[in-house]
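Visitor: Could you give me a close look at one part of this model, a helix and the packing and empty space around it, and then follow the thread outward as far as it leads? I would like the numbers kept with the elements they belong to.

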Amino acid sequence: MKYRRLGRTGLKVSEVGFGTIPILKGSVPVLPAYFNLEEEAALTVLEHAFRLGCNLYDTAIVPEYGDAEVKLGKFAARVGRERIVISDKARFYDGNEMYRAVAVSNENLGTYADLYFVHQVDPEHGDEVFGKGGALDALTELKREGRIRFAGVASHYYDILLRGAGDSRVDVLQGSGNLVERGMLDRMKEEPLFAPKGFLVNKVYAAGLLPRLFPPELLIQAVLAYPVSAALIGIGTTEQADVALGAGEAFRRRESEPEGHFAIPSFREALSVLEKEFTPIPCDRCQRCACPWGTEVHTLFRQYLYFFLGKEYWALRKLDLGVEESAARCRQCTDMPCLEMCPLGIRIPDEVQKVLRLVRNG
């Protein structure tokens, strides 16, 4: 296992971190009826990953991640708290609510969190999080009190992450990206503000969908090729831990083969693999296409992709939240600034109508 610096925190973390969604028990908002591991089975998987060199464990407050936070606390006590880095988070944007959430998390863990993130920050709540009395102010106060070590912002939106990168209160960031959805990572690589911050990447497997089409070690190394601190992989079995935590060695072994056929593919090459099964919208989620009507074009296109990758019901449920209105507004738009903004030359209005047809036929 290799280790990387976590920004300016002074911490070194395993380049593959353990995402704890798969060890939860119960029906929770994240993924109902997921792995449902009993406590001892979960602890066995956590310890197995630890023996393989993993020292970074990412979770979230109960009930958002079920009982994963509690299980992680018991694991920390078993292996030695000082030997691991705990990353925790809560979806509260108000400072008072965040302050209380950290107290609950610390109680669930039976210890402190090294990293604590404001989770799932979106444009609608950005000003509240970053403003006076918001969640970031609360995390700053909690740092002073020694209840957490470092404060973070987690988001799927580039502009929110960029705002966090420029904020001195923020030590660490967490965002999404993978072999196909690499647009945010490409932008981050070119932006100097990100360099001092520790950066954790989630959705490396695209909610578990991409390993059917690409080797897991390739998916992990594609993300680690960027200037990030760690790739977070959801792990629910010892076999999954072996694959994820052995990804670096597996990648280097394949790279050394005479044919050298395991190089990281370009975006277009990755799309060509998807094209063997369906016609993808060639969007890398760079999020440069700001719609004047407020439609999150990149989100529509992501759900379209996930539908064809195997999340039919989940994707349709998400798409059905406003796609009719978005498509109608797109038809009315005469300026179409999105066409000029898209560096990949996507005919966005046409693709939005394609998404609408999918929902209507689904």
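Guide: A helix here is a DSSP run of H or I with at least four residues, and the elements are numbered from the N terminus. What follows describes a predicted model, and the part I have chosen is helix α16, residues 348-361.

I begin with its packing against two other helices. Two packed helices are described by the angle between their axes and the distance between the axes. For helix α14, which spans residues 323-332, the angle to α16 is about 150° and the axes are 9 Å apart. Since angles over 145 degrees count as roughly antiparallel, α14 is therefore roughly antiparallel to α16. The crossing in which α14 passes α16 is left-handed. On the side of α14 the contact is made by V323, E324, A327, C330 and R331, and on the side of α16 these residues meet P349, V352, Q353, V355, L356, V359 and R360. By class, the contact of α14 with α16 comprises eight nonpolar residues, one polar residue and three charged ones.

The other partner is helix α12, residues 297-309. Its axis lies 10 Å from that of α16, and the two helices pack at an angle of about 45°, which makes α12 oblique to α16. Here, too, the term left-handed applies to the crossing, as α12 passes α16. The residues V297, L300, F301, Y304, F307 and F308 of α12 are in contact with I348, E351, V352, K354, V355 and L358 of α16. This contact of α12 with α16 divides into ten nonpolar and two charged residues, with no polar residue in it. V352 and V355 of α16 take part in the contact with α12, and V352 and V355 are named in the contact with α14.

From the contacts I turn to the enclosed space. The structure holds four cavities of 30 Å³ or more, and the largest cavity has a volume of about 130 Å³. This cavity is lined by 13 residues, of which C291, V297, C330, C338 and I348 are the closest to its centre. Two or more lining residues come from each of α14 and α16, and α16 gives the most, with three residues. Several of the names nearest the centre belong to the contacts already described: C330 is a residue of α14 that meets α16, while V297 of α12 and I348 of α16 belong to the contact of those two helices. The lining of this largest cavity has eleven nonpolar and two polar residues, and no charged residue.

The second largest cavity holds about 90 Å³ of space. Of the 16 residues that line it, C283, C286, C289, C342 and I346 lie nearest its centre, and α12 gives the most to this lining, with three residues. Its lining has eleven nonpolar residues and two polar ones, together with three charged residues.

Helix α12 then leads to an open space, the second largest pocket, whose volume is about 290 Å³. P123, Y157, D159, Q287 and H298 are the closest to its centre among the 15 residues that line this pocket. Both α12 and α6, residues 158-165, supply at least two residues of the lining, and α6 gives the most, with three residues. Eight nonpolar, four polar and three charged residues make up this lining.

For a helix pair elsewhere in the chain, consider α3 (residues 95-109) and α5 (residues 135-144), whose axes come within 7 Å and cross at roughly 40°. These two helices are therefore oblique to each other, and their crossing is right-handed. G95, M98, Y99 and V102 of α3 make the contact with A135, A138, L139, E141 and L142 of α5, and by class the contact has seven nonpolar residues, one polar and one charged.

Finally, two backbone features deserve a look. Most residues other than glycine have a negative phi, and most peptide bonds are trans. Q120, which is not a glycine, has a positive phi of about 55°, and this residue sits in the loop between β6 (113-118) and α4 (126-130). V62 and P63 are joined by a cis peptide bond with omega at about 5°, and P63 is found in the loop between β4 (56-58) and α2 (68-79).

Note on methods
Residues are numbered from 1 along each chain as its sequence is written. This is a predicted model: local features need pLDDT of at least 70, side-chain atom pairs count only at pLDDT 80 or more; totals for chains, interfaces and linings use all residues. Side-chain values use heavy atoms; hydrogens and water are left out. Axes are lines fitted to C-alpha atoms, for helices over the stretch in contact, and angles run from 0 to 180 degrees between N-to-C directions. Angles under 35 degrees count as roughly parallel, over 145 as roughly antiparallel, 65 to 115 as roughly perpendicular and the rest as oblique. A crossing is left-handed if the near helix is turned anticlockwise from the far one by less than a right angle, and right-handed if clockwise. Contact means heavy atoms within 4.5 Å. Ala, Val, Leu, Ile, Met, Phe, Trp, Tyr, Cys and Pro count as nonpolar, Asp, Glu, Lys and Arg as charged, and the others, Gly among them, as polar. On a 1 Å grid over the protein atoms alone, a cavity is a set of points where a 1.4 Å probe fits but cannot get out, and a pocket is an open set with protein on both sides within 12 Å along at least five of seven lines; lining residues have an atom within 4 Å of a point. Grid points are joined across faces, edges and corners, and a volume is the space filled by probe spheres set on the points.
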